[in-house]
Amino acid sequence: MIKVDNLVKRYKEVLALDHFSIDVRDNEILGLLGPNGSGKTTAINCMLSILKYDKGSVEIMGEQMRPDKFNIKKIIGIVPQEVALFEGLSVNENIDYFAGLYIEDAKERKEAIKYAIDFVELRGYEKFKVKKLSGGLKRRANIACGIAHKPKIIFFDEPTVAVDAQSRNFILEGIKRLAKEGATIVYTTHYLEEAEELCDRIVIMDSGKAIASGSVDELIKKIDTKEIITLSFTENKPELVDKLRRIPNIIEVDYEKEHFLLKFESGVNNLENLLDFIRQENLVYTQIYSKLPSLNDVFLELTGKELRD
């Protein structure tokens, strides 16, 4: 559906996109993740021909994307991070305005408004001025404006920022429904749990590049860490860091807030080796547990940052 090849975008001395390439497949939810400043918003704006890029190409459904490609723009929906609504207009009037950018026929537009209102469950709020709505209801209205024309491709840019848990769940369930109805979705978020729940594939961006892509399981296989063990003792023992590093398969030892975090490059016999070490050193532990790496661990290892940094 979307093919981005070697995009380069500069803002004077700043290289925002550094030969950025991705592909988005038909009817998938693709998560585009990266720390602040990684180039996600710039990449999306270039895909939409809102921004002019210096090098590279963008194809949507096999056609080269340009600012005047209105036939392509008609099949695209955008739900921006900032609520983009007219506060003084009603919910119906807002949807009608944005649907009117794609649908000329008034009768057809009326049906589109009804579809959008029903989809985001805003029945009863049609005549409410947007400024009278809660934050969660504004987010729903924002989505309604982006999907009323039933686009084949939808960009969601941080749609759950600053919403309550109930509204977040509603938005995520709505996105799943859109995918089931056949939409192809590009989704950005700062919440890794959302990406794990929603996305068929994930692309991780850093410094303007796509540095890794795949399903959650595929991404986890790409990192060195295979097992993580958290350990604490009855007494603070920061001096044990150097000794712990000698245990087989260990690739990293961190000590923070009275806990050791041990990362292993293999998942075989690590707990047994660690217990042998504890016995040899005559130590008493208060906590020891093992877990497999998560998407957060992938992100940390590949970028050196938390997603919300």
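These legends go with a set of close-up views of a predicted model.

**View 1. The whole protein chain, before we zoom in.**
We're looking at a predicted model of 309 residues, and 49% of them count as buried. The protein chain holds eleven helices and 14 strands. Its C-alpha trace spans about 80 × 45 × 35 Å along the principal axes. If you take the contacts with a separation of 6 or more, 66% of them join residues that sit 24 or more positions apart.

**View 2. The largest pocket and what lines it.**
Here we've moved in on the largest pocket, which holds about 190 Å³ of space. The residues around it are Gly-77, Ile-78, Pro-80, Ala-84, Phe-98, Leu-101, Tyr-102, Asn-142, Cys-145, Gly-146 and His-149. Sorted by class, that lining comes out as seven nonpolar and four polar residues, with no charged ones.

**View 3. Which elements feed the pocket lining.**
Same pocket, but now with an eye on secondary structure. Strand E6 (76–79) and helix H5 (135–147) each put at least two residues into the lining of the largest pocket. H5 gives the largest share, with three residues.

**View 4. A four-stranded open sheet.**
Read across this sheet and the strands come in the order E12-E13-E11-E14, with antiparallel pairing. Strand E12 (250–256) and strand E14 (285–291) are the edge strands, each pairing on one side only. On average, neighbouring strands in this sheet are turned by 15° against each other, ignoring direction.

**View 5. The E12 and E13 pairing.**
Zoom in on one edge of that sheet and you'll find E12 running antiparallel to strand E13 (residues 259–264), with six bridges between them. For a handy place to start tracing, pick Glu-252: its bridge partner in E13 is Lys-263.

**View 6. Helix H10 against the sheet.**
Now for the helix that sits on these strands. Helix H10 (residues 270–280) lies across strand E11 (227–233), E13 and E14. With respect to E11, H10 runs at about 20°.

**View 7. Helix H11 and the glycine after it.**
Which residues of helix H11 (residues 295–303) are buried? They are Leu-295, Asp-297, Val-298, Phe-299 and Thr-303. So much for the helix itself; what follows H11? Gly-304 does, and its phi is positive, near 75°.

Conventions. Residues are numbered from 1 along each chain as its sequence is written. This is a predicted model: local features need pLDDT of at least 70, side-chain atom pairs count only at pLDDT 80 or more; totals for chains, interfaces and linings use all residues. Side-chain values use heavy atoms; hydrogens and water are left out. On a 1 Å grid over the protein atoms alone, a cavity is a set of points where a 1.4 Å probe fits but cannot get out, and a pocket is an open set with protein on both sides within 12 Å along at least five of seven lines; lining residues have an atom within 4 Å of a point. Grid points are joined across faces, edges and corners, and a volume is the space filled by probe spheres set on the points. Ala, Val, Leu, Ile, Met, Phe, Trp, Tyr, Cys and Pro count as nonpolar, Asp, Glu, Lys and Arg as charged, and the others, Gly among them, as polar. Two strands pair if DSSP finds at least two bridges between them. Axes are lines fitted to C-alpha atoms, for helices over the stretch in contact, and angles run from 0 to 180 degrees between N-to-C directions. Contact means heavy atoms within 4.5 Å. Buried means under 20% relative accessible area, exposed over 50%, partly exposed in between (1.4 Å probe, protein chains only).
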